[in-house]
Amino acid sequence: WLYFHSLKDVFKIFNKFQPKILLIENEPHSFLAIQLFLCLKIWSIIKNKKNKIVLFSWDNLNREDGIIRFIYKKAINFLITRNLDLIICGNAECKKIFIDKGVKRQKLVVYPQMGMDFSIIKKFKNNMPSKECSIIYCGRIVYEKGIHILIKTFLELQRNGYKPKLLLAGKGKGKYFREIKKEIKKIKNINLIETLSKEKMY
């Protein structure tokens, strides 16, 4: 959440595309969301434009923050989050958190970015063409992403006679990351790649 763009590039893109709606797919307290929100507001005033800012969020965990982070999030919530035109929540828990933050219900909508039709899965459950399957995860190795749940699913597949392979591509830090690395060393066919060059990635 510490990532942000060059201001010159942001305003260049705004001038080129003249956005009427800006969709930000990030948490409202991230530097990127704050930057885009403020830049569009400034650009709109300068250009005398009317537009809407929509944010998509998966923020469904009430984390225990230190005092500095707590004050920072409170300030961002007051200045930015409540002033968004619409917040698309990835799940019901996310919507509840924003309501608790004081965001008006009419500004919130639950729209999962991905879903699962279990009726389709049942059709293939007993008629899988192969017992072999490959799973790739690409992203941060952090608790919020549920890597431990993915590993449990992997082991469940093994217990049910499948031959899965799991590749984890990403970086992490702290106790959670160390525990994941320790756990996967005990399990066959799980590999971790922490960094990839652009050449290897493509």
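These legends describe an overview and several close-up views of a predicted model.

**Figure 1. Overview of the predicted protein model.**
The protein has 202 residues, of which 30% count as buried. Its secondary structure consists of eight helices and seven strands. Among contacts with a separation of 6 or more, 67% join residues 24 or more positions apart. The exposed area of the protein is about 14900 Å², with 59% of it supplied by carbon and sulfur atoms. Mean pLDDT is 84, and 84% of the residues reach 70 or more. Of the elements, strand 3 has the highest mean pLDDT, at 94, and helix 5 (residues 118–125) the lowest, at 54.

**Figure 2. The buried and exposed sides of helix 4.**
Helix 4 spans residues 92–100, and its buried residues are Cys 94, Ile 97 and Phe 98. Viewed down the helix axis, these buried residues fall within an arc of 95 degrees, so they line one face of helix 4. In an α-helix there are 3.6 residues a turn, so residues three or four places apart point the same way. Ala 92, Lys 96 and Asp 100 are exposed on the other side of helix 4. The cover over the buried residues includes strand 2 (52–57), strand 3 (86–89) and strand 4 (108–110). Just after helix 4 comes Gly 102, which takes a positive phi of about 100 degrees.

**Figure 3. Surroundings of Thr 81 in the loop between helix 3 and strand 3.**
Thr 81 has a relative accessible area of 3%, under the 20% cut-off, and therefore counts as buried. Leaving aside residues up to four places away in sequence, Thr 81 touches Pro 28, Ile 76, Ile 87, Phe 98 and Val 103. One of these, Phe 98, is also among the buried residues of helix 4.

**Figure 4. A nonpolar patch on the surface that includes Ile 71.**
The patch is formed by Ile 67, Ile 68, Phe 70 and Ile 71. Together these residues have about 460 Å² of accessible area. Ile 71 lies in helix 3, which covers residues 67–79.

**Figure 5. Tyr 162 in the loop between helix 6 and strand 6.**
Helix 6 covers residues 147–159 and strand 6 covers residues 163–169. With a relative accessible area of 17%, Tyr 162 is under the 20% cut-off and so counts as buried. Along the chain, Tyr 162 and Cys 133 are 29 residues apart. In the model, 7.6 Å separates the C-alpha atoms of Tyr 162 and Cys 133.

**Figure 6. Gln 18, a residue other than glycine with a positive phi.**
Most residues other than glycine have a negative phi. For Gln 18, phi is near 50 degrees. Gln 18 is located in the loop between helix 1 (7–17) and strand 1 (21–25). The relative accessibility of Gln 18 is 33%, between the cut-offs of 20% and 50%, so Gln 18 counts as partly exposed.

**Figure 7. Asn 189, a residue other than glycine with a positive phi.**
Phi of Asn 189 is near 75 degrees. Asn 189 is placed in the loop between helix 7 (174–184) and strand 7 (190–193). Asn 189 has a relative accessible area of 33% and is partly exposed.

Methods
Residues numbered from 1 in each chain as written. Predicted model: local features only at pLDDT ≥ 70, side-chain atom pairs only at ≥ 80, totals over all residues. Heavy atoms only, no water. Buried < 20%, exposed > 50% of the residue type's maximum accessible area, 1.4 Å probe, protein only. Helix = DSSP H or I, 4+ residues; strand = E, 2+ residues; numbered from the N terminus. Arc of directions from axis to C-beta. Contact = heavy atoms within 4.5 Å. Patch = residues over 30% accessible without salt bridge, like charges linked within 9 Å, V, L, I, M, F, W, Y side chains within 5 Å. Areas by Shrake-Rupley, 256 points an atom, 1.4 Å probe, with all protein chains shown as cover. Salt bridge = Lys/Arg side-chain N within 4 Å of Asp/Glu carboxyl O. pLDDT = per-residue confidence, 0-100.
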